[in-house]
Amino acid sequence: MANRGKRYIILILLIILFVPSACTSTKFDLYEGKSLNIAVIGEPPHVREEEVNFNKISFDDLNKVDLEEYDAVFVMRENLYQAAESHYADIYSNTPIPFFFISTTSHIPFTKKDIEYGESWGWSPGNSYAVGVLNSNEEDTLKSWGFGLYNDKKTNEHIEEVYSIIFTTIEELDS
């Protein structure tokens, strides 16, 4: 009887150990839509998708390059302070393709000329990890999105998932 009780206890312990770990694995969807051509100010992000092409551009290129050649523009974290300079606000607000600002909680310091970007606008748990903006000509408004990290945990897998969701958003805009 004691041997049977030990087996029962071991079985219960194994169940307690493995059930929570099975529940925590999450399968994130990959973007599998059309090929996207995205301009990036900064270092292009690491993504899982092969159908997404990144082309590095500079802030100077914003006025020189035909941005309509791209499906979107990403401004990476290391360039957010410069991106918030007031003379770029009209570009973000009036260009017919979306701009996405990575590792920031709001588009406000980029689209409003009198607001400065600072550490308080940087990502923190409970906030968006990336934001996007697009001028909506039909409604004469600025459309915006916020993309949060899964469970507010900053891991490579969760960041890659945010990019997959952004790619889907970009494709839907083109439809």
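Arg-48 is partly exposed in this predicted model, with a relative accessible area of 27%, and its side chain meets that of Glu-160 in a salt bridge with an N to O distance of 4.0 Å. This pair links distant parts of the chain, since Arg-48 sits in the loop between β1 and β2 while Glu-160 belongs to helix α6 (residues 156–174), 112 residues apart. Glu-160 itself is buried, its relative accessible area being 14%.

The side chain of Arg-48 also forms a salt bridge with that of Glu-161, at 3.6 Å from N to O. Because Arg-48 lies in the loop between β1 and β2 and Glu-161 in helix α6, the pair ties together parts that are 113 residues apart in sequence. Glu-161 is buried, with a relative accessible area of 13%. Arg-48, Glu-160 and Glu-161 are thus joined in a network of salt bridges.

The count of salt bridges in the model comes to five, and one of them is formed by Lys-56 with Glu-43, whose closest N and O atoms are 2.8 Å apart. Here too the pair links distant parts of the chain, with Lys-56 in strand β2 (residues 52–57) and Glu-43 in the loop between β1 (36–41) and β2, 13 residues apart. Lys-56 counts as partly exposed at 48% relative accessibility, and Glu-43 likewise counts as partly exposed at 48%.

The salt bridges described above are set out here.

| Salt bridge | N to O distance |
|---|---|
| Lys-56 and Glu-43 | 2.8 Å |
| Arg-48 and Glu-160 | 4.0 Å |
| Arg-48 and Glu-161 | 3.6 Å |

A further acidic residue to consider is Asp-71, which lies in the loop between α2 (61–64) and β3 (72–75). Asp-71 is buried because its relative accessible area of 18% falls under the 20% limit used for that term. The side chain of Asp-71 makes a polar contact with the side chain of Lys-34 at 3.4 Å, and a polar atom of the Asp-71 side chain lies 2.7 Å from the backbone nitrogen of Asn-37. Leaving aside residues up to four places away in sequence, Asp-71 touches Lys-34, Ser-35, Leu-36 and Asn-37, together with Ile-97, Pro-98, Ile-170 and Asp-174.

Conventions. Residues are numbered from 1 along each chain as its sequence is written. This is a predicted model: local features need pLDDT of at least 70, side-chain atom pairs count only at pLDDT 80 or more; totals for chains, interfaces and linings use all residues. Side-chain values use heavy atoms; hydrogens and water are left out. Helices (H or I, at least four residues) and strands (E, at least two) are DSSP runs, numbered from the N terminus. Buried means under 20% relative accessible area, exposed over 50%, partly exposed in between (1.4 Å probe, protein chains only). A polar contact is a pair of N or O atoms within 3.5 Å; within protein, one must be able to donate a hydrogen and the other to accept it, and residues adjacent in sequence count only if both atoms are side-chain atoms. Contact means heavy atoms within 4.5 Å.
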